[in-house]
Amino acid sequence: MSLEIIVLAAGQGTRMRSARPKVLQMLAGRPLLGHVLATVRRLRPARIHVVIGHGADAVRAAFADAADVTWVHQAEQLGTGHAVREALPGVAQDSTLLVVYGDVPLVTEATLRGCIDAAHAGVALVTMRPPDPAGLGRIVRDRRGAVVAIVEEKDADSSRREINETNSGILAMPATLARELVAALDADNAQREFLLTDVVRHAVAGGVAVLAHETADAGEVAGVNDRMQLALLERDFQRRAAHALMQQGVTVYDPARIDIRGDVRAGVDSLIDVNVVLEGTVDLGERVAIGAGSVIRNSRIGNGVRIEPHSVIDGAEIGEDCIVGPFARLRPGTVLGPRVHIGNFVETKAAQIGTGSKANHLAYLGDVDIGEGSNIGAGTIVCNYDGVAKHRSEVGDGVFIGSNSTLVSPVVIAEGAFVAAGSTVTNKVDARELAIGRARQRNIAGWKPPSQR
Ligand code: UD1
Ligand code: MG
């Protein structure tokens, strides 16, 4: 039977106290809904229906490239049961329906598969036993242990609030059964909403089997209703991501002090010090050491590279055995060959730097190609911008640029050339020439400071 999925994402998320719809709140650098969509896609469903309402335009815009999503508009948010009712007309009869909530972002593919497999003839629910069940729907069982109802906290008396088995919101059943059960829902409850959870009561009344699929890992199905829960889930996500890195053979000095907001691959024996943030697609080779407080985004870092503390690396490719930082900033388009050294307060942008070249202190290297074995002195600036356009410069192999030089782009400094400290270079320097572009020093003998005049 084919699989159809409904994702509920129409709620405002009042408890977030936010101008943006809840499912666009960010977890690990990605909207909550993005996590859910990524996971349900792995189930290869026939269709994914996402129910939107509050902030619908913003949600659609945030997922404009999600061509596989059918958007369903729930004009008034009359409850989770009503949301499913709105989506059901688009669901094929001869299918299994899985319902997931857009605010339960960490659920795993395995748990969803378990739920679908349990939904042959009846209703299957994912349940959990969290340390604190406050706010969640409780699973009511009869004396023989069969599930008979889900009772929302607002509708529960004190004895039912004692129940520690709770509803994750995830459920599956044949689509034909969903149609019958959802049609029977009413708003006769404390919330005055159509509660999807009431399908369980209706199923039991109609003699339909209800199966609870309990997950051992309550954190995986935790929901996000306020910013405290969001922060807790963020830490939970990060703990899991850090563990995954450690399993790949990476030393994470403190798994509680790392943030991974994207896809990170790392080779064995790499070391990540505290307070490192990895964003986007990051590829670390083997034996890479990342110093404390560094931020690395969409970059590839070769084997044996050392990133010293507090470096910011964005859109860069770093060759083997380079040393970068502390306090370096590599911007998009930076490509470092092997064994390059980039030191403190050096900024690079669209810069290609060849094997073994060094810029160890205080420099701006923007829109420049630098050859192999060159040395860029402290305070060197490549003046790539004339106020209107950017220009590229070229520095050959084995060039020595003295400290505090300005290279006014576009300019070429050919191999083996030497630029004297403090020079402003505007014209081509040929191979092995010495360029001196500065005022000549003048010493005035017998000069008196103002006070002694
Ligand atoms: C819901 C469950 C509760 C469960 C908990 C797990 C119901 C009635 N209650 O409570 O049993 O323990 O999740 O996290 O289902 N939504 C719509 N349209 C609506 C209302 C809600 O699309 O009219 C969406 C929301 O955007 C959200 C999801 O449904 O993504 C759940 O709604 P929410 O208000 O968060 O329900 P909970 O109070 O968390
Ligand atoms: Mg919720």
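# Report on a predicted model with two ligands

Leaving out neighbours up to four places away in sequence, S357 is in contact with R339, V340, H341, I370, G371, E372, G373 and S374. The structure described here is a predicted model.

## S357 and its surroundings

S357 belongs to the loop between β24 (341-353) and β25 (358-370). Its relative accessibility is 1%, and S357 therefore counts as buried, the limit being under 20%. One of the contacts of S357 is also polar: its side chain reaches the backbone oxygen of G371 at a distance of 2.7 Å.

## S409 and the cis peptide bonds

A second serine, S409, lies in the loop between β30 (406-408) and β31 (412-413). S409 counts as buried because its relative accessible area is 10%, which is under the 20% limit. Apart from residues within four places in sequence, S409 is in contact with V382, C383, N384, H391, R392 and S393. With S393 there is a polar contact between the two side chains, at 2.8 Å.

S409 is joined to P410 by a cis peptide bond, with omega about 0°. P410 is likewise placed in the loop between β30 and β31. Another cis peptide bond, again with omega about 0°, joins G325 and P326. P326 is found in the loop between β21 (323-324) and β22 (329-330). As background, most peptide bonds are trans, and most residues other than glycine have a negative phi.

Two residues that are not glycine have a positive phi. R17 has a phi of about 50°, and R192 has a phi of about 55°. R17 is in the loop between β1 (2-8) and β2 (26-27). With a relative accessibility of 74%, R17 counts as exposed. R192 is in the loop between α6 (175-183) and α7 (199-205). R192 also counts as exposed, at 58% relative accessibility.

## D186 in the loop between α6 and α7

The loop between α6 and α7 also holds D186. At 33% relative accessibility, D186 counts as partly exposed. When residues up to four places away in sequence are not counted, D186 touches E193, F194, L195 and D198. A polar atom of the D186 side chain lies 3.1 Å from the backbone nitrogen of D188. Between the C-alpha atoms of D186 and P410 the separation is 73 Å, and along the chain these residues are 224 residues apart.

## Ligand 1

Around ligand 1 there are 23 residues, of which G11, Q74, Y101, E152 and N167 come nearest. The table sets out three short distances to oxygen atoms of this ligand.

| Residue | Protein atom | Ligand 1 atom | Distance |
|---|---|---|---|
| G11 | backbone N or O | oxygen | 2.8 Å |
| T80 | side-chain N or O | oxygen | 2.9 Å |
| G137 | polar backbone atom | oxygen | 2.9 Å |

On its own, ligand 1 has 760 Å² of accessible area, and the protein covers 90% of this.

## The magnesium ion

Which residues supply the protein donors of the magnesium ion (ligand 2)? They are D103, through OD, and N225, through OD1, at 2.1 to 2.3 Å from the ion. This pair links distant parts of the chain, as D103 and N225 are 122 residues apart. D103 is in the loop between β6 and α4, whereas N225 is in the loop between β11 and α8 (227-247). D103 and N225 are both buried.

## Helix α4 and the cysteines

Helix α4 spans residues 109-117, and its buried residues are T111, L112, G114, C115 and I116. What do the buried residues of α4 pack against? Their partners are the helix α1 (32-41) together with the strands β1 (2-8), β6 (95-101), β7 (123-128), β10 (166-174) and β11 (210-214). Two of these strands, β6 and β11, also border the loops that hold the magnesium donors D103 and N225.

C115, in α4, has 0% relative accessibility and so counts as buried. C322 likewise counts as buried, at 1% relative accessibility. A disulfide is a covalent bond between the sulfur atoms of two cysteines. A search of the whole structure finds 0 disulfides.

Methods
Residues are numbered from 1 along each chain as its sequence is written. Chains are lettered from A and ligands numbered from 1 in the order in which they are written. This is a predicted model: local features need pLDDT of at least 70, side-chain atom pairs count only at pLDDT 80 or more; totals for chains, interfaces and linings use all residues. Side-chain values use heavy atoms; hydrogens and water are left out. Buried means under 20% relative accessible area, exposed over 50%, partly exposed in between (1.4 Å probe, protein chains only). Helices (H or I, at least four residues) and strands (E, at least two) are DSSP runs, numbered from the N terminus. Contact means heavy atoms within 4.5 Å. A disulfide is a pair of cysteine sulfur atoms within 2.5 Å. A residue is near a molecule or strand if one of its heavy atoms lies within 4 Å of it. A polar contact is a pair of N or O atoms within 3.5 Å; within protein, one must be able to donate a hydrogen and the other to accept it, and residues adjacent in sequence count only if both atoms are side-chain atoms. Accessible areas come from the Shrake-Rupley method with a 1.4 Å probe; for residues, only the protein chains shown count as cover. Donors are N, O and S atoms within 2.8 Å of the metal (3.2 Å for Na, K and Ca); water is not among the atoms, so sites may look incomplete.
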